[in-house]
Amino acid sequence: MPRSLDEDPLTLAIAPPPDETPEAKEARLKAEAEARKVSERIDEQIRAEKAAMKKKRPIKVLLLGQSESGKSTTLKNFQLTYSPKAWAEERESWRTVIQLNLVRNVNTILDLLSEELSGAQYRSGPLSDSDASDDDDAAVVAASTRADAPLRFTERHALLKLRLAPLRGLQKDLEECIGASSGEDIAPVDAPITRKSQTEAFIRTHHIWKLNTKAEDTGLSHKYKATKAREATEIIAGCAEDMFAIWEDPTVQQMLRRRKIMMEATSGFFLPEVERIAARNYVPSDDDVVRARLRTLGVQEYKIKFETGPAAGSDWCLYDVGGSRTQRAAWFPYFDDCDAIIFLAPVNCFDERLAEDSKVNRLEDSYMLWKLVCSSKLLARTQMILFLNKCDLLDQKLKSGVLIRDHVRSFGNRSNDVETVSKYFSQHFREIMKRHSPEPRQYRVHMTSVIDTKATAVTLGVVEEGILQAHLRSVDLI
Ligand SMILES: Nc1nc2c(ncn2[C@@H]2O[C@H](COP(=O)(O)OP(=O)(O)OP(=O)(O)O)[C@@H](O)[C@H]2O)c(=O)[nH]1
Ligand SMILES: [Mg+2]
């Protein structure tokens, strides 16, 4: 029978000959069945290889959240809990960072002191009997426009300022060694919308691990860095008493209170421990390392071979990202093929504004980011884990008398305690996830204070198991 001209050429090419005999047909069908079996075996083999490769590929976890939400601190907890050997090896490297944090604490106070003194007037003697300082120094009165009594500075303050002057150059040296480029922020106590120091720190976290080994990281020779490190330790040891004195000074404390600056609540605050940290043989404790502050720039990859726990022996790849606004565009390429996201939202920030944009409330910013991540189609099947972090600071703030309802109107007359407040915020995050996820997903939330390494280890145990199970399920589903 003549074939129609519009038939598919491939069909034509593989069609049996028109004059095929029954024997030829039987042989052809047998050969075709055999070929199908071979093809299925190959498909199965490819599937198994893919699954094996996925099983072998590291478990990929992204740490997301705004700046200072606690991402790098969570990463440190992972290292401390699951990779203790590597953690111990890196301990020494943190010494320089902690020294830098300490020096910055002091320089911040010196800056504020200079500001006060620059607008100050000398008086020839004590203002009154009650104003007289113990050593009868000439008093310096800060030209404060505030209604309260002026701050009284004495020659002792000027002397302390002078003796601590070497810390200026030291800060630069330490930053240079680490690969940092500038200072940190100070959070005012009442934070609402008020001032924050404008300085932004841009420090590439990974530099520090190689600080003492690889010269090319910062372009400085190992010998140069070692000399600088020795010098830094000597200068800090020499200034220890003065550093403590300026921190403890009642007039300085008064100045901080008036400016509504609570240094204790700022990142990398080490001043009360100056004696221990300034010792020549100082070795950072686990707690020091966890509390040390280095702002992350870009996306840092950390490969961790789990030494303990149910996932022992497996390789994890944790990505720690910079959380400030200018850094966020760099997150998206890492969404692909990601097993889980740990999203950190600091809940103590309900009355604070972003350092990079004073118009934006930090809690609102966290809601917005959470919505963005939840609604991403690329992440539709990625496990999402929310850490409502800094619960310790939230507790402190609430206990100091700050009322949620003054900042979050919808909170109404609910009880102003940490449990009610965190549950209330959690409900909001849950709603956002439910409303914006492309597919239904489980809401996994943990109330955390990630500087508490013991409690965080327990949380990470739960997180680890969940991620591992999801990873294995995804491997079997290929
Ligand atoms: N009190 C308290 N401090 C915390 C907590 N979590 C983090 N911190 C401190 O907050 C500071 C900022 O934490 P990081 O982990 O560096 O923040 P980050 O999210 O990595 O910030 P970027 O790198 O700027 O994106 C550090 O000094 C931490 O020690 C917490 O739960 N409680
Ligand atoms: Mg960080």
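Of the contacts in the protein with a separation of 6 or more, what percentage is accounted for by residues 24 or more positions apart? In this predicted model, such residues account for 74% of those contacts, and it helps to keep that figure in mind while following the chain through its 15 helices and 9 strands. Of the 478 residues of the protein, 34% count as buried.

The buried residues lead us to the interior. In soluble globular proteins, nonpolar side chains tend to be buried together. Here the largest nonpolar core has 45 residues, and those with the most contacts inside this core are Ile341, Ile342, Phe343 and Leu386. Strand 7, which runs over residues 340-346, gives the largest share of this core, namely 6 residues. A second core, separate from the one just described, has 36 residues, including Ile109, Cys177, Phe269 and Leu294.

To see how one core residue is surrounded, consider Ile342: once residues up to four places away in sequence are left aside, Ile342 touches Val61, Leu63, Thr74, Ile385, Phe387 and Val463.

We can turn next to ligand 1, which has 24 residues around it, and of these Gly70, Ser72, Ser267, Thr296 and Gly323 come nearest. Two elements, helix 3 (71-82) and helix 13 (391-399), are those that give two or more residues to the shell around this ligand, and helix 3 provides the largest share, 3 residues. Sorted by class, the shell around ligand 1 holds 14 polar and 7 charged residues, together with 3 nonpolar ones.

How values were computed: Residues are numbered from 1 along each chain as its sequence is written. Chains are lettered from A and ligands numbered from 1 in the order in which they are written. This is a predicted model: local features need pLDDT of at least 70, side-chain atom pairs count only at pLDDT 80 or more; totals for chains, interfaces and linings use all residues. A nonpolar core is a set of buried Ala, Val, Leu, Ile, Met, Phe, Trp, Tyr and Cys residues joined through C-beta atoms within 7 Å. A residue is buried if 20 or more other C-beta atoms lie within 10 Å of its own, exposed if 12 or fewer, and partly exposed in between; C-beta atoms are placed from the backbone. Helices (H or I, at least four residues) and strands (E, at least two) are DSSP runs, numbered from the N terminus. Two residues are in contact if their C-beta atoms, placed from the backbone, lie within 7 Å. A residue is near a molecule or strand if its C-beta atom, placed from the backbone, lies within 6 Å of it. Ala, Val, Leu, Ile, Met, Phe, Trp, Tyr, Cys and Pro count as nonpolar, Asp, Glu, Lys and Arg as charged, and the others, Gly among them, as polar.
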